Amino acid sequence: MTHYVDSEVGRLGTVLLHRPGPELARLTPRNNDSLLFDAIPWVGRAQEEHDAFAAALRERGVEVLYLATLLAETLAVADARAELTDQVLDSPRLGDSLRARVADHLAYLDPAALADVLIAGLAHEELRISPERPGGLVYTLMDRHDFVIEPLPNLLFTRDSSLWIRDRVGVTSLAMPARRRESTLTNAIYRHHPRFAGTEFVYRPGLEHLEGGDVLLLAPGVLAVGVGERTTPAGAERLGRQVFAAGLAHTILVVPVAQERATMHLDTVCTMVDVDAVLMYPNVADALSAYTVIAGADGEDPRVDGPAPFLRAAADAMDIDQLRVIDTGLDPVTAEREQWDDGNNTLALAPRLCVGYERNVETNAQLERAGIEVIPIAGSELGSGRGGPRCMSCPIVRDPLRR
């Protein structure tokens, strides 16, 4: 099967989602900050909202793959099961006695149950122990509400742990400790699941920090990479070198983004909705700059030019006169509110067709006035982890754009 993505707006054929599950029910006021959520979501409603999102995609002909299903199928492969189990057991916080008990616990689980534990975590009280095989000092000193294996509530945002550039996948290196194990699951799926047999990689976990929400495929051969809270300049440079070496792009635009919660990724302030149009937070539209990185000749280091205004640099790299800009909201207060509510974080299903949260009324109206059809979805609970439709989706197949 051919998996291919060369733009943000080519007609979407296949997408990877993760339906939220028990891992969200692990969030409490005691741990939600460390697990990167701003509120405690209502799990049942979040699932209803996500199901409606998936249904909207299917109604437009998109094939929806679920990460948990792929993971369970991957764990039926002996090498994948051993790899992921060993990665969990390698945690230095376990200690020898508890590590042995966890290994015993995981060994009893079938692939589906093991996938559930790797996603939802394993609480202190859920671990099978006995007087004959106690958990040791570490287990004894843990609070009964602590996790032996931490849950992954941010797995909902499948955009961040992997991205496709043409026919190659990049499994990213997530910056926040609460999210790093997400990449190990995604990496195992792409390496061991039969659907992805023979897939070549353009990025791997363990390299410099890079997250998919910071990577926009502006046009075939042109990437924009945000650097800020999650993606480092070294990560952007590494991706550029890998992409240039593989012949996947001719230009990388490196875009500094404020290191703030509201602008954690480039796609929180800017997403594409047409081949020549971006939805953009007006507070940064004029201030956003870009460094243009072009492959060096004959093995030389890439050439770096700039900075220049992002919109000008992007248009030049895309070989168009200018990018059309559609503003979030109509006034500064509305723009700030709707940017916080992921108004900029749309998922394009095709040129001039996108999915957005229904709560961002003014932004959606702006899009419609600009000739962009919006499919509105509910997101009152899904948005509690600070992510919109683009964050919740990893495109795997898009129709190539023709110039």
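Between which domains does the largest pocket lie? Between domain 1 (12–67 + 153–398) and domain 2 (70–149), because both give residues to its lining. Those domain bounds come from an automatic or database domain assignment.

1. **Basis.** This is a predicted model, in which local features need pLDDT of at least 70, side-chain atom pairs count only at pLDDT 80 or more, and totals for chains, interfaces and linings use all residues. Residues are numbered from 1 along each chain as its sequence is written, and side-chain values use heavy atoms, with hydrogens and water left out.

2. **Terms for empty space.** Rolling a probe the size of a water molecule over the atoms shows where empty space is left. The search runs on a 1 Å grid over the protein atoms alone. A cavity is a set of points where a 1.4 Å probe fits but cannot get out. A pocket is an open set with protein on both sides within 12 Å along at least five of seven lines. Lining residues have an atom within 4 Å of a point. Grid points are joined across faces, edges and corners, and a volume is the space filled by probe spheres set on the points.

3. **Largest pocket.** Its volume is about 530 Å³. The lining has 25 residues, and Gln87, Ser91, Pro177, Arg180 and Arg181 lie nearest the centre. Three elements each supply at least two lining residues: α4 (78–89), β4 (147–149) and α8 (180–192). Helix α8 gives the most, with four residues. Helices (H or I, at least four residues) and strands (E, at least two) are DSSP runs, numbered from the N terminus. By class, the lining holds twelve nonpolar, eight polar and five charged residues. Here Ala, Val, Leu, Ile, Met, Phe, Trp, Tyr, Cys and Pro count as nonpolar, Asp, Glu, Lys and Arg as charged, and the others, Gly among them, as polar.

4. **Second largest pocket.** This one holds about 260 Å³ of space. Of its 15 lining residues, Pro233, Glu237, Val254, Val293 and Val304 lie nearest the centre. α9 (233–246), β10 (251–256) and β13 (289–294) each supply at least two of the lining residues. The largest share, six residues, comes from α9. The class split is eleven nonpolar, one polar and three charged.

5. **Cavities.** There are four cavities of 30 Å³ or more. The largest has a volume of about 100 Å³. It is lined by 14 residues, and Arg159, Leu163, Trp164, Leu217 and Pro395 are the closest to its centre. Strands β5 (162–165), β8 (215–219) and β19 (394–398) are the elements that give two or more residues to this lining. Seven of the lining residues are nonpolar, three polar and four charged.

6. **Aromatic cluster.** The structure holds three aromatic pairs. Rings of Phe, Tyr and Trp (its six-membered ring) pair if their centres lie within 6.5 Å; planes under 30 degrees apart count as stacked, over 60 as edge-to-face and the rest as tilted. The ring centres of Trp164 and Tyr190 are 5.6 Å apart with planes at 80°, so this pair is edge-to-face. Trp164 lies in strand β5 and Tyr190 in helix α8, so the pair ties together parts that are 26 residues apart in sequence. Tyr190 also pairs edge-to-face with Phe196, at 4.9 Å centre to centre and 80° between the planes. Ring pairs thus link Trp164, Tyr190 and Phe196 into a cluster. Relative accessible area is 2% for Trp164, 2% for Tyr190 and 1% for Phe196. Each counts as buried (buried means under 20%, exposed over 50%, partly exposed in between; 1.4 Å probe, protein chains only).

7. **Charge over a ring.** The charged end of Arg204 sits over the ring of Phe201, 3.7 Å from the ring centre. The test asks for NZ of Lys or CZ of Arg within 6 Å of the ring centre and within 35 degrees of the ring normal.

8. **Backbone points to check.** Most residues other than glycine have a negative phi, and most peptide bonds are trans. A cis peptide bond joins Gly306 and Pro307, with omega about 10°. Pro307 is in strand β14 (residues 303–309). Arg166 has a positive phi of about 55°. Arg166 sits in the loop between β5 and β6 (168–171) and is partly exposed at 31% relative accessible area. Asp319 also has a positive phi, near 60°. Asp319 is in the loop between α11 (310–318) and β15 (324–327), and is exposed at 63%.
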